Each structure stands twice: as structure tokens, then as C-alpha cells.
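Good morning, colleagues. I should like to take you through two features of today's structure, an enclosed space and a metal site.

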Amino acid sequence: MRIKILLLLLLFYSAIFSLSAQEITKGEVYAYARKIVDTLTSESMHGRGYVNCGDSIAANYLKNEFSKIGLKSFGDDYYQKLSFGINTFPENVSVQINGKELSPGKDFLIYAYSPTSRGTCKIVFADDQLIENKKKYRKFLKTDFKDKVVLVTDTGKQTKELNDLLGNSIHAKAIVSLKDKLTWSMSQTANDFPLIEILRTSLLVNPKEITFDITNKFIPKHVSQNVIGFVQGSVYPDSFIIYSAHYDHLGQMGKDVYFPGANDNASGCAMLLNLANHYSQPENKPRCSVVFIAFCGEEVGLLGSKYFTDNPIFPLRNIKFVFNMDIMGTGEEGITVVNGSIYKSEFDLLKEINLTNAFIKDVEIRGKSANSDHYHFSEKGVKAFFIYTMGGIKAYHDIYDRPETLPLNAFENVFKLITKFGERLQQ
Ligand SMILES: [Zn+2]
């Protein structure tokens with residue numbers, strides 16, 4: 001009897017489970033997006049940066065997807081090549097405080113411009129209290145810091161004193177900056193001192209001595225590439241609507257630590273490829289030509305889109321609209337539209353389409369911002385939106401921006417919103 005009840009219970013729960021599993025089953029767009037995100041964030045892509053040529057591996061993958069989808073290329077292939085300087089850390093980096101090893105990526109980051117440097121040094125503190133005490137601070141500045149590491153509490157206040165210290169005006173061996181969140185970046189140059197960022201909660205109670213080992217490799221002319229394909233318009237082939245997403249990310253810090261960049265911006269590439277797939281279907285054949293650009297070098301400073309707008313492969317005046325997508329992985333709170341207040345009628349249209357169809361929670365307006373690849377287009381007078389999703393996981397430019405925690409929960413509805421908006425742009 002007891003076993004029978006247990007079996008009945010098991011049946012009951014498995015029925016409920018399969019029902020809820022069915023409810024969350026998602027469609028083709030989601031499945032393709034998941035595949036793209038998983039691939040672009042895998043270890044073999046090395047964080048799509050400049051250690052082990054991760055950016056080129058990612059570009060090659062995207063090129064193959066473009067080809068499978070059947071996109072045309074403007075030249076012999078889908079690539080538009082460019083080069084730039086980049087500071088990298090191909091060798092392992094290490095930091096110990098009082099002899100205790102910190103974990104790279106988790107406890108500390110080596111700031112992007114840091115050069116090769118190593119040593120064991122005494123730690124000297126420079127906190128708010130010291131800076132505010134003018135007499136004490138003047139005396140402090142007279143110290144010889146040559147063999148010392150100065151630990152600065154980065155309050156985020158933009159004071160001259162703080163900026164000077166973080167810029168190592170005191171000529172210390174290295175600067176340590178204490179942070180509430182670790183956020184990595186890229187640098188096109190190498191500086192003459194290392195800056196080490198340590199998470200405040202990872203610091204030992206009484207840090208006295210630091211040992212660090214950093215090896216940089218500066219690449220003066222790294223060759224990267226925008227990946228560009230298109231579907232020819234049936235009525236206006238010389239009129240272009242561009243969809244874009246950057247595929248590069250931050251790469252690796254040492255041999256083992258890489259930044260997957262699931263939300264930023266494997267998710268945008270997933271949207272780009274889904275759109276390419278959509279417009280390649282005969283039933284969705286566009287009237288104007290639709291161009292798909294996966295930009296390189298965005299994290300280094302919008303370099304791919306800058307190069308494209310300086311060296312366009314068709315006249316910029318023939319571009320009807322640019323729709324740039326960066327951070328497409330969440331969306332519980334809807335999306336934000338950068339340049340929405342500049343191209344107000346297009347924004348109103350997007351908002352209206354969303355209201356009519358109830359795709360996502362909100363379409364929020366924002367003004368101009370140089371925060372992604374739309375920027376160089378609108379600066380040159382080309383109408384351009386940049387959309388990003390809001391809500392959900394907050395991982396950003398850190399080792400936690402991972403595929404398994406990226407929900408893609410509004411992805412299909414954002415896709416529907418973009419394609420519906422695209423239909424109107426095509427008219
Ligand atoms: Zn990004």
C-alpha cells in the first residue's frame with residue numbers, strides 16, 4: 001500500500017514536472033540563440049579577445065554561420081580588416097597579500113594598461129581620512145614610494161587627489177585600488193606602472209605586504225575584422241538597413257582566466273544571427289537591402305564601428321537606419337533605446353508596436369551616449385538606435401557573465417519586436 005501511494009505520488013509529480021517543462025519550452029529563435037551564446041562563450045573562444053587570437057576564432061565562427069545562412073558578402077569574403085594596438089596578459093598573473101594567494105578575476109584584476117612588473121613590497125595606505133587631513137597628506141607625499149605599493153581606497157569620488165594617486169603621481173612601485181565590484185576593461189596602450197584592483201571583501205584584515213607578478217605583451221598592430229554580410233533588397237537594393245552587434249569581448253587575463261561575455265555580447269550576436277536567418281527566408285525577403293555587421297574592437301573603444309564609418313563599403317547616406325544590439329540576454333524590465341529621444345518618431349513607433357503586441361514590459365527612452373557601436377553612425381548623421389535589455393543578472397565585464405546564468409527570457413519577444421519594427425522600416 002505504501003509503495004502504491006509512493007508510485008502514485010511519483011506519477012503525479014512527474015506529470016506536473018513534464019507539464020511545467022512543456023510550458024517553458026521555447027522555440028527555434030531561442031534554441032539558435034542558446035547555441036550561439038554557448039559557442040561564443042566557450043573556452044575555445046578565449047573570451048573573444050587578444051590572447052590566443054580569440055577574436056579571430058570568433059570571427060571565423062560567425063563567418064561560417066553567415067555562410068550557412070546564405071548571406072551575401074560585399075567583397076571576396078565577409079571580412080573588413082583593421083588593426084590596432086592592444087595590451088594583453090598572456091602569462092599567468094598572481095597577487096599575494098601577507099603570503100596568501102588571491103584568486104585572479106575573483107579577488108583581483110590587473111588593470112588593462114599595466115606593464116610587466118613583479119616584486120614583494122610593503123603596503124602603504126592612502127585612504128579618505130589621510131587625503132582630507134591636508135597637513136598629514138602633504139607629509140605623506142614627501143615619502144619615497146619607489147619600493148612601496150600604495151593602497152588607495154577608490155571611493156569613486158572624482159577628486160584631484162584620488163585621480164593623482166590612481167595615476168601614480170607619487171611614483172610608487174605599484175598602485176592597488178580597492179573596489180566594491182571588479183570590472184575589467186581593455187587598453188590600447190601600456191603604462192609605466194601596474195595598477196592592481198582588489199575586491200574590498202577579498203582583502204585580509206591587516207594587509208602589510210604584497211607580492212605580485214605581472215607579465216604584459218603589448219601588440220602594436222593587432223589585426224582584427226568586422227564580419228559583414230547582407231540580404232539584397234528586392235525593390236531598393238541600394239538602400240540599406242543595418243543590424244549590428246559587437247562580437248569581441250575582454251579575452252583572457254593569464255592562461256586560465258577568461259571573460260565569457262555571455263550577455264556582453266554573445267547575446268547580441270545571437271540576435272544578429274537570428275535576424276540574418278529571418279531575412280534569408282524567402283517569405284521574409286526584404287524590399288531594402290539588410291546588412292548584418294558583427295563589429296570587432298568594441299570593448300577597446302568602438303574601433304570596428306569607427307573604422308566602418310570612416311571606410312564605408314557603401315555610401316553612408318544610403319543607410320536608412322542602424323539597429324545596434326548589445327546586451328540582449330535579460331529583459332524582465334524591458335529594453336532601453338539609446339538615441340530614442342533623438343529619433344523620436346522611430347522611438348514612438350517602436351514603443352507603439354510593443355504596446356499593441358505586449359511583447360516586453362517596457363521600452364524606455366534614452367538620449368545620446370557613446371556606449372556602443374551605434375555612436376559613430378549617429379555622429380555622422382545616420383539614424384541609429386542602440387537597444388539593451390534591462391533587469392535580471394547584473395554580471396558585467398567580469399568572470400560571472402556566463403551562459404548558464406544568462407536567462408535569455410525576453411529574447412524571443414525582443415526578436416519579435418525588432419522584426420515587427422523592421423517591417424515598418426522596410427515600408
Ligand atoms: Zn558590449
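The largest cavity holds about 50 Å³ of space. Please bear in mind throughout that this is a predicted model. With a threshold of 30 Å³ or more, the count comes to one cavity.

Which residues line the largest cavity? Going along the sequence, they are Tyr-50 and Val-51, then Asn-87, Thr-88 and Phe-89, then Trp-184 and Met-186, and finally Leu-250, Gly-251 and Gln-252. By residue class, this lining comprises six nonpolar and four polar residues, with no charged ones.

I turn now to the metal site. The zinc ion takes its protein donors from His-246, through NE2, and from Asp-264 and Asp-326, through OD atoms, with Asp-326 appearing twice in the list. These donors lie 1.9 to 2.6 Å from the zinc ion.

What is the geometry of the site of the zinc ion? It is irregular, the angles among the four donor atoms running from 49 to 137°. A tetrahedral assignment would need all angles between 85 and 135 degrees, so this site does not qualify.

As for the placement of the donor residues of the zinc ion in sequence, the spacing reads H-x17-D-x61-D. Asp-264 belongs to helix H7, residues 262–280, while Asp-326 sits in the loop between strand E15 (319–325) and strand E16 (334–338); the pair therefore ties together parts that are 62 residues apart in sequence.

Are these two aspartates buried or exposed? Asp-264 has 3% relative accessibility and counts as buried. Asp-326, at 4%, is likewise classed as buried.

Conventions:
Residues numbered from 1 in each chain as written. Predicted model: local features only at pLDDT ≥ 70, side-chain atom pairs only at ≥ 80, totals over all residues. Heavy atoms only, no water. 1 Å grid on protein atoms, 1.4 Å probe; cavity = no way out; pocket = protein on both sides within 12 Å on 5 of 7 lines; lining within 4 Å. Points joined across faces, edges and corners; volume = space filled by probe spheres on them. Nonpolar A, V, L, I, M, F, W, Y, C, P; charged D, E, K, R; others polar. Donors = N, O, S within 2.8 Å, 3.2 Å for Na, K, Ca; no water. Tetrahedral: all angles 85-135°; square planar, octahedral: opposite > 155°, others 65-115°. Helix = DSSP H or I, 4+ residues; strand = E, 2+ residues; numbered from the N terminus. Buried < 20%, exposed > 50% of the residue type's maximum accessible area, 1.4 Å probe, protein only.
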